Amino acid sequence: MDWAHLQNISKEWIKNPFNMALLLWITCVAISGAILFLVMTGMLNGVLQSKSQRNAWFEVNNQILNALFTLMCLYQHPKRFHHFVLLCRWNPKDISTLRKIYCKNGTYKPNEWTHMMIVVILLHINCFAQYALCGLNLGFKRSERPALGVGICISIAIAAPAIAGVYTIVSPLGKEYDYVDEEAQDHILQSRRNSLEKRFSFASRHEQRLVESSPQWRGGLFDIWDDISTAYLSLFCSFCVFGWNMERLGFGNMYVHIATFLLFCMAPFWIFNLAAITIDDETVREALGVTGIILCVFGLLYGGFWRIQMRKRFNLPSNNVICGKPGIADCSQWLFCCWCSLAQEVRTADFYDIVEDKFCRKQASEISQQVLSPLPREDGVCQFRSGPSSPLGYERSSSPSKLRMKHYSSPNKGLEDFSSPDGEVMKLEEEYSERGVNESMKPPGISLIRRDDSTDQ
């Protein structure tokens with residue numbers, strides 16, 4: 001076994017904040033589960049000599065495990081609801097998303113919709129069984145708790161995800177096939193075509209976007225009042241603004257982010273405090289309540305995690321103030337100044353255009369739209385009277401003609417087209433007058449010419 005390679009993989013894995021939280025969760029589950037097992041088997045009878053002590057320890061660890069598993073289900077349930085919605089909608093984009101999650105190698109599988117639906121339903125059953133078990137644990141004291149109901153809920157909560165995992169492996173979802181779905185191929189080609197059209201459509205309309213090679217955060221961390229509307233929305237609608245900003249940056253569904261963030265910041269308080277009600281020991285009750293509050297505060301690290309992803313994807317400047325670790329700095333900013341961090345992220349996303357997962361500079365006309373309006377008599381159209389010796393050299397006509405100037409998106413565009421051989425600076429259009437009155441140019445009379453000559457003399 002290559003221990004050096006395994007060590008490197010472990011270091012990379014633990015750097016992810018989600019993996020850190022998962023490791024902490026597993027550690028707490030392992031400790032509480034071990035204590036619960038020792039109490040149930042009587043291995044701690046020498047330490048906990050009285051039955052009341054053993055019952056207290058049993059109930060405390062039972063409630064801790066109940067809270068931990070319920071929190072995990074609450075955090076995962078928004079994604080599972082989202083996957084269920086994608087299965088019901090089942091359009092090409094949704095199919096690609098679901099295949100990456102449930103299908104081996106993200107490729108087409110026979111009857112994949114049915115197999116995916118079975119897995120998703122089993123995962124939903126797991127969540128609902130855990131919620132029912134949580135209700136029994138919180139609603140009844142240990143002496144009054146129905147043993148049959150607890151046993152059924154525990155069995156379903158454990159069996160459902162286990163069956164889902166095995167089914168994913170043994171069903172067509174976990175197998176490889178040589179043929180490729182034509183619908184998937186068409187969707188891939190269409191996606192590539194749309195990507196190319198999106199990439200080059202700006203150039204075809206003389207509105208080419210420039211990718212910002214070194215984007216910057218818009219304002220400092222504490223410049224929250226630079227944009228009043230963003231500041232107030234970040235303060236009073238934090239979860240909604242966060243989800244909306246994540247979706248437009250390309251980090252997933254808005255509603256999933258809103259629900260998950262809400263649960264991270266609120267669910268621990270209610271779960272642990274409800275668990276504390278059923279415990280008679282005052283010290284343990286207070287400890288569980290404080291634990292719930294601390295976990296709610298650390299729920300803000302969810303925003304720190306996605307700030308790290310935003311910084312990495314769009315090549316934004318990193319903050320190396322804390323031990324030279326930008327990830328720790330991002331999480332600390334969200335932990336100690338969440339509203340300022342959110343407002344800065346929203347301002348930065350507003351300042352740039354997001355094209356192909358990159359920040360692009362906005363056109364000057366979009367930043368400050370200063371449109372030059374024509375004079376009242378011009379109305380954007382220059383009228384000329386054409387004659388036999390017109391210097392512009394367009395077609396002779398006995399009726400008035402109009403010269404229309406083509407408007408450009410930038411002031412120098414006309415000069416560029418004028419200097420190019422194929423450029424066309426102006427378009428000439430002759431429209432016959434419908435007034436019925438002949439207003440064509442007439443040569444001046446002889447008397448008028450003589451009068452001008454006498455004036456010059």
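**Entry 1: N111**

I began with N111, which sits in the loop between α4 (92-102) and α5. I was working from a predicted model throughout. For N111 I read a phi near 50 degrees, a positive value in a residue other than glycine. I then asked whether N111 is buried or exposed. Its relative accessible area is 58%, and residues count as exposed over 50%, so N111 is exposed.

**Entry 2: C323**

I next looked up C323, in the loop between α12 and α13 (326-336). C323 is not a glycine, yet its phi is positive, at about 55 degrees. I noted its relative accessibility as 68%, and C323 therefore counts as exposed.

**Entry 3: helix α6**

I turned to α6, a helix of 24 residues. From its first C-alpha to its last I recorded 34 Å, close to the 34 Å expected at 1.5 Å a residue. Which residues of α6 are buried? I listed V150, C153, A157, A160 and A164. I then checked what these buried residues pack against, and found α5 (112-139).

**Entry 4: A164**

I followed one of the buried residues of α6, A164. The helix that holds A164 covers residues 147-170. I recorded a relative accessibility of 2% for A164; the cut-off for buried is under 20%, so A164 counts as buried. Which residues does A164 contact, once its neighbours within four places in sequence are left aside? I found V119, L122 and L123. For the pair A164 and L123, I noted a separation of 41 residues in sequence and a C-alpha to C-alpha distance of 6.9 Å.

**Entry 5: W25**

I moved to helix α2 (residues 17-41), where W25 is found. With neighbours within four places in sequence set aside, I found W25 in contact with L68, F69 and M72. I also looked up the pair W25 and L71: these residues are 46 apart along the chain, and their C-alpha atoms are separated by 10.0 Å.

**Entry 6: helices α10 and α12**

I examined how helix α10 (residues 254-277) meets helix α12 (residues 301-313). Their axes come within 9 Å and cross at roughly 135 degrees. This angle lies between the 115 degrees that ends the perpendicular range and the 145 degrees above which helices count as roughly antiparallel, and therefore α10 is oblique to α12. I listed the residues that make the contact: H257, T260, F261 and F264 from α10, with Y302, G303 and W306 from α12. I then sorted the residues of this contact by character, and obtained four nonpolar, three polar and no charged.

**Entry 7: the whole protein**

I closed with the totals. How many helices and strands are there in the protein? I counted 17 helices and five strands. Of the 457 residues, 34% are buried. I considered the contacts with a separation of 6 or more, and noted that residues 24 or more positions apart account for 68% of them. For the surface, I recorded that the protein exposes about 28900 Å², with carbon and sulfur atoms supplying 61% of that area.

Note on methods. Residues are numbered from 1 along each chain as its sequence is written. This is a predicted model: local features need pLDDT of at least 70, side-chain atom pairs count only at pLDDT 80 or more; totals for chains, interfaces and linings use all residues. Side-chain values use heavy atoms; hydrogens and water are left out. Helices (H or I, at least four residues) and strands (E, at least two) are DSSP runs, numbered from the N terminus. Buried means under 20% relative accessible area, exposed over 50%, partly exposed in between (1.4 Å probe, protein chains only). Contact means heavy atoms within 4.5 Å. Axes are lines fitted to C-alpha atoms, for helices over the stretch in contact, and angles run from 0 to 180 degrees between N-to-C directions. Angles under 35 degrees count as roughly parallel, over 145 as roughly antiparallel, 65 to 115 as roughly perpendicular and the rest as oblique. Ala, Val, Leu, Ile, Met, Phe, Trp, Tyr, Cys and Pro count as nonpolar, Asp, Glu, Lys and Arg as charged, and the others, Gly among them, as polar. Accessible areas come from the Shrake-Rupley method with a 1.4 Å probe; for residues, only the protein chains shown count as cover. The expected span of a helix is 1.5 Å times one less than its number of residues.
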